[in-house]
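Notebook open, coffee ready. Today I'm looking for enclosed spaces, and then I'll check up on one residue.

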Amino acid sequence: REQPVHEKKFHPAWLMLIACCFIQIGSIGTISNAAGILIPAVLGDLGFSQGSFTLYMTLQGLCAVVGMPIAGKLLNKVNIRLLVSVGMIFTAGPFMLMSRFTEVWQWYIAGSVLGFASSFVFTLPTVLVISNWFKKKTGQAMGIAMACAGIGGAIMNPLGNFFIQQFGWRMTYFLMGAIALVLVLPFTLLLVRAKPADMGTLAYGEEAGESQESAAQQVLTGVPAKVALRSLSFVCIFLVAGCIAFCTAFIQLVPTFAGTVGLSAIAAFMASAVMIGNIAGKLVLGWLNDKLGPKRAALLGIAAVCASFLLLFLTALGPAAALVGAFLLGISMSLIAVSMPLIVRSAYGSRDYSQIFYIVTMAPSLVGSLGMAAIGFMYDAFGSYNPILVVGIVCCGLAGLLLIVGLASAGRLSAQVEKTA
């Protein structure tokens, strides 16, 4: 008789988790999370306006939106090792080339290529691998993997600041891009597999003989994508992701913000505090999801982000309050990485989860990238970040309200689908 896969024995799923951790550290943690530390140095040297320079990040995000549906389809069809490895090369390559740039339009071109390629690396492969390899402890594994993006940022922010001081911003671009490649490529080329069948085994927590049965059940469980995507609940959840994404857009400018309020001495520490908050937020939100459910966990996270903008607005309270505000701001990244996948699954089930989730992931890239440009131009217009912080507070309030309405509507939609099934 076939025996179940015993969870106490070492399972190759944990190797896949390790691979995903390094993908997150090297890609999002290095290329994305630590990019903001370079902005003040580039602006100071080349004299670009903040709005015109950060527009490259908007283009980067828009091109990521274009790439996501393509990546979502190809990741299920093409060898994941080849696809993610090539994507990483075309993500780190433009970042390294920024070390040679002198004109702002060069960042626009490189950012566009980087953004498109990043859609094959940053989030979707990790979500796919973790979802396929873990039938139990999925939330825990997802939280650990996504927390590693924050670990990468927490390390790379002070390291990048050190590189800038020692070698200048140009060499820093090159060094950080090279570090990203070294962290990611060994795991994508040699270790990662899309699904357990690729190694002739079962997912963690899945018993032998139940694979086909559970898969057949999942097809019948949940809201069809064509119904979900036309519903009020989807619009609300998509906008929740967008509102939170505007908050995450401000993270890239935390070091620059620190300089405008007399906190230049702790700018790098604030950037690291954001990453530490990101790490802690992912682990805590995963735990809260198991204890309280996706809705309550996400609402608590949104409240924390709202408090972060309030503390950053009240910079007169001193450096300690600013560091706490930066820490809480990091939770906005946790909401995108951990809460949104769990919210989508809670709302629509597993029937067409991947198809629905891929579209929801467009909101953070689209709104977040546009938010970068909006923040930059708002600062150019007002000469202060205070109006932007107020907008962040408003976005948090809207996100909480839309989440409550969206999940309530999704519940009614699921009931209707079950009746007609």
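Before I start, a term I'll need: a residue counts as buried when its relative accessible area is under 20%. I also note that this is a predicted model.

**Entry 1: the cavities.** I searched the whole structure and got 2 cavities of 30 Å³ or more. The largest has a volume of about 900 Å³, and the second largest comes out at about 50 Å³.

**Entry 2: lining of the largest one.** I counted 42 lining residues, with S32, F122, T248, P364 and S365 nearest the centre. Helix α3 (residues 50–74) gives the most to this lining, 6 residues. Sorted by class, I have 26 nonpolar, 15 polar and 1 charged.

**Entry 3: lining of the second largest.** Here I found 6 nonpolar residues, 4 polar and no charged ones. Helix α13 (residues 267–292) supplies the largest share, 3 residues. Among the lining residues I jotted down N33, N157 and Q252.

**Entry 4: T91.** I found T91 in helix α4 (residues 80–97). Is T91 buried or exposed? Its relative accessible area is 0%, so T91 is buried. Leaving out residues up to four places away in sequence, T91 touches I31, L114, A117, S118, V121 and F122. F122 is a name I already had, from the centre of the largest cavity's lining list.

**Entry 5: polar partners of T91.** A polar atom of the T91 side chain lies 2.7 Å from the backbone oxygen of G87. The T91 side chain also reaches the backbone nitrogen of S118, at 3.4 Å.

Notes:
Residues numbered from 1 in each chain as written. Predicted model: local features only at pLDDT ≥ 70, side-chain atom pairs only at ≥ 80, totals over all residues. Heavy atoms only, no water. 1 Å grid on protein atoms, 1.4 Å probe; cavity = no way out; pocket = protein on both sides within 12 Å on 5 of 7 lines; lining within 4 Å. Points joined across faces, edges and corners; volume = space filled by probe spheres on them. Helix = DSSP H or I, 4+ residues; strand = E, 2+ residues; numbered from the N terminus. Nonpolar A, V, L, I, M, F, W, Y, C, P; charged D, E, K, R; others polar. Buried < 20%, exposed > 50% of the residue type's maximum accessible area, 1.4 Å probe, protein only. Contact = heavy atoms within 4.5 Å. Polar contact = N/O pair within 3.5 Å; in protein donor to acceptor, adjacent residues only side chain to side chain.
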